[in-house]
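Biologist: Please take a close look at a single part of this model, the nonpolar core, and then set out what surrounds it. A connected account would serve better than a list.

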Amino acid sequence: SNPFEVKVNRQKFNILGRKTKNDVGLPGVSRSKAIKKRTQTLLKEYKEREKANVFKDKRFGEYNTKISPEEKMLRRFALERQKNYGKKSIYNLNEDEELTHYGQSLAEIEKLNDIVDSDSDTEERGTLSAELTAAHFGGGGGLLRKKASSTQQDEEEEKPKSRKELIEEMIAKSKQEKQERQTRRESAIELTEKLDNDWKEIQTLMVRKTPNSERKDKEVEKPKHDEYDMIVRELGFEMKAKPSERMKTEEELAKEEQARLQKLEADRLRRMRGIDEEANKKKPSHVSADDLADGFILDNDDRRLLSYKDGKINIENVEEEKDEEEEGGEEDDDNEEESEEESDNENEEDSAADGHSDLESDLESEEEGAGNKEQKKQKTNESESQNVEELDPKVEEAKSELPYTFAAPESYETFKSLLAGRTIEQQLIILERIQKCNHPSLAVGNKAKLEKLFGFLLEYIGELATLDLPELRTIDKLVLPLYNLCQMFPEAASDSIKFILRDAAHDMEEVLEVKGRATFPGLDTLIYLKIISLLFPTSDFWHPVVTPAFMYMSQLLSKCRVTTLQDVIKGLFICCLFLEYVSLSRRLVPELINFLLGVLHISLPKKRAQRYTVVHPFTPVGKNVELLLVCDKKDLESWQKQNLPLSIVSRLNETSRTEINHIRLSCLALCFDLIKKCAAMYEYLPSFHEIMHPIRILLTQHLPVSDYPEKMQELYHSVLKELEDKEKHYTPLICEKKKPVPLKQYTPKIVKVLEFGRKQGSSKKEQERKQLIKRHKRELKGAIREIRKDNKFLARIQLSEIMERDSARKRKVKELLGSLATQEGEWKAMKRKKGKN
């Protein structure tokens, strides 16, 4: 630094309480100090503005280089002792440290309060032999060696035994003592049983029957039991609660169900092949009177050798024998026929050896034997034919049965082939067995298979709905397995249904762009909207599936033109779905009210005057205005109220004119019912009367009620009464009126002036207040100045960061453009070479 550039501001006199302004230093030093301070504080806060975690190392002297490691450890140990030092021992000068070993106090360990557990249950529990105590507490085998040396003083000194030998001897002695105790216990039990039997024999002789008079006296003298004693005895004889079996987990239940179905399937396959269990069982062979049963062999020897180990039955040997018998059961079944043939041969040899008669008798016996064999063969053939006849119906029955195990279908064609030609009950059974055999807990890939099954089932329901005669009953039954799959995999179910809604909405938008007006969807889409209300909660404020369905239904009621009777039925069905969706949340649906108003509008004649407005998709004039108008009196008189089935949409072309008029009247009756439900649902709204006002005008002034049948008139009057009875339960919200601003008063403000000049005379309090205001202004200006400087500092840092990012981006862009240019040049060069060639 140049000493000539140092600026020094000297002060002649030091005045107390005044800030000095004679800072010594280079020009710009204070500015550099301020920047350095801001980099240490403000810049650090700026960089850590989005960080919430702070790690503080509170170890004593960790970063202090002036302290040696030994001093550091001693100081830490002292701090730890101070922390653990309690107020209880503040006056205890003779307190010793409590030493521990693996968390246990050494003072407690030295007391030797170990509980010695004995294996025997006799009266000698807890006692130890002298050898055991000497081995454990006498320093190993020293005492034993001393005892042996004292008993064998005259003999030559033997070699000391090792510790292993001593432990083996000790174990052998303990086992011997245990066996002796067992024998003593068994002998005592035998003696007590013998004594009990002798006492029972003698007791019958000692019994003396008392006369009846004495018995009556004794019975009279018996004191009555107290109520408390009776209650105590009843409590003693009450049934005790027994623990129930543990509830099985979902995985265990799935495994059990899979094993059960596999067993049933194996049984069905065996019956389908004609294999009978009773035929496989060993039948008793024919035994002649001359048979001496020399070749008799037991089928299975169930006898087992008992073996004891440590005074208990050896169960392991019994289990091993059972396993060997099960493994050998199959070999025994294979060798049954061979043993039967051998036994027959032995019987023939015995009969030949025992026959000491003449040749004639031998020939006769041979003829008889041959005859018996032929009769046996005939009987066996007859029995086999009978078994085949008996098994044929069983085989057919097994073939007609449904399989018990099904693999999850990988494509829609395989899924459809599984359900083709089956009744609805069989289809439900097949779907249930597919879910049980492919439960997600049984294998890794089963979850994806069942998620595919949900999509296949949805597609199958849509195909059933698009038939010429839609199978609505089948669809109704298939909703249950669809609901079960949705509960198992809610995310996959919502994705597949959202995909269907997205396609339907996209199709409607395309039709609107091309034609300018849309038509109501098919029956499959309407059924999907109904299924959504069954699978997902419709009362949520927002739901990933129900909310898009809600929006799609509102677009259908507001954008689809009503040109045919089918459109009216579909629109009313969507209105019913809307009321089902908002039955709990009571959400206002303007499209619903507008559609009901339009349905009433198309049931009026054209000449009626209008005091209401008709909103799109309905028009006040046109060819479809009188779509629900019925003028035939016979049809009006013959109409009866009935529900509109959804399947009628596909059968309107085949119905007669009278039936179509009845359907129109049924649509109007359904509209009345829906208006009544809307009135009951939206009565809580403050603007209820304004919302229902057009419907009320149309009902009271324009509808030809006198032409309708009696039941329709009754329904009309009930709806009108429902609308008129609803009173305003809530007053509409109105802004509160503000108080008027008062006029300004022109009364003069009198201020007492004590002295004229720069400083007016005032009291001490006022002077202190003025001084405080002055300091506050000065500090406020300084704070504002510092805040501005801080903002400028942060702006410079942010600008530098932006410049760095921009320069890095420009550099990368240049590199990319350069690489592209080189690639383009190489490509052009290769092209030129190819052109030359």
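Modeller: In this predicted model, a suitable starting point is Leu 699, which touches Leu 600, Phe 672, Tyr 716, Val 719, Leu 720 and Leu 723, leaving aside residues up to four places away in sequence. Leu 699 belongs to the largest nonpolar core, a set of 114 residues, and is listed with Ile 532, Phe 672 and Tyr 682 as having the most contacts inside that core. Helix H25, residues 657-681, supplies the largest share of this core, with 12 residues. Apart from it lies another core of six residues, including Leu 42, Leu 43, Tyr 46 and Phe 793.

The surroundings may be followed through a helix and then through three loop residues. Helix H18 covers residues 472-488; its 17 residues should span 24 Å at 1.5 Å a residue, and the end C-alpha atoms are 25 Å apart, so the two values agree. H18 nevertheless has a bend of about 25° at Val 479, and Pro 481 follows within four residues. Val 479 and Pro 481 are both buried, as are Thr 474, Ile 475, Leu 478, Leu 482, Leu 485 and Cys 486 of H18. These buried residues pack against H16, H17, helix H19 (490-515) and helix H20 (523-535).

Two of those partners, helix H16 (424-437) and helix H17 (446-465), are joined by the loop that holds Asn 438. Is Asn 438 buried or exposed? Asn 438 is buried, because its relative accessible area is 7%, which falls under the 20% limit. Its side chain reaches the backbone oxygen of Ile 434 at 2.9 Å. Asn 438 also touches Phe 406, Ala 407, Ala 408, Asn 446 and Leu 450, again not counting residues up to four places away in sequence.

Backbone geometry deserves attention in two further loops. Most residues other than glycine have a negative phi, and most peptide bonds are trans. Arg 586, by contrast, has a positive phi, near 55°. Arg 586 sits in the loop between helix H22 (565-581) and H23, and is partly exposed, with a relative accessible area of 38%. Between helix H23 (590-601) and helix H24 (633-638) runs the loop that contains Pro 617. The peptide bond joining His 616 and Pro 617 is cis, with omega at about 15°.

Technical notes: Residues numbered from 1 in each chain as written. Predicted model: local features only at pLDDT ≥ 70, side-chain atom pairs only at ≥ 80, totals over all residues. Heavy atoms only, no water. Helix = DSSP H or I, 4+ residues; strand = E, 2+ residues; numbered from the N terminus. Buried < 20%, exposed > 50% of the residue type's maximum accessible area, 1.4 Å probe, protein only. Core = buried A, V, L, I, M, F, W, Y, C linked by side-chain atoms within 4.5 Å. Contact = heavy atoms within 4.5 Å. Polar contact = N/O pair within 3.5 Å; in protein donor to acceptor, adjacent residues only side chain to side chain. Expected span 1.5 Å × (residues − 1). Bend = angle between axes of the 7 residues up to and from the residue.
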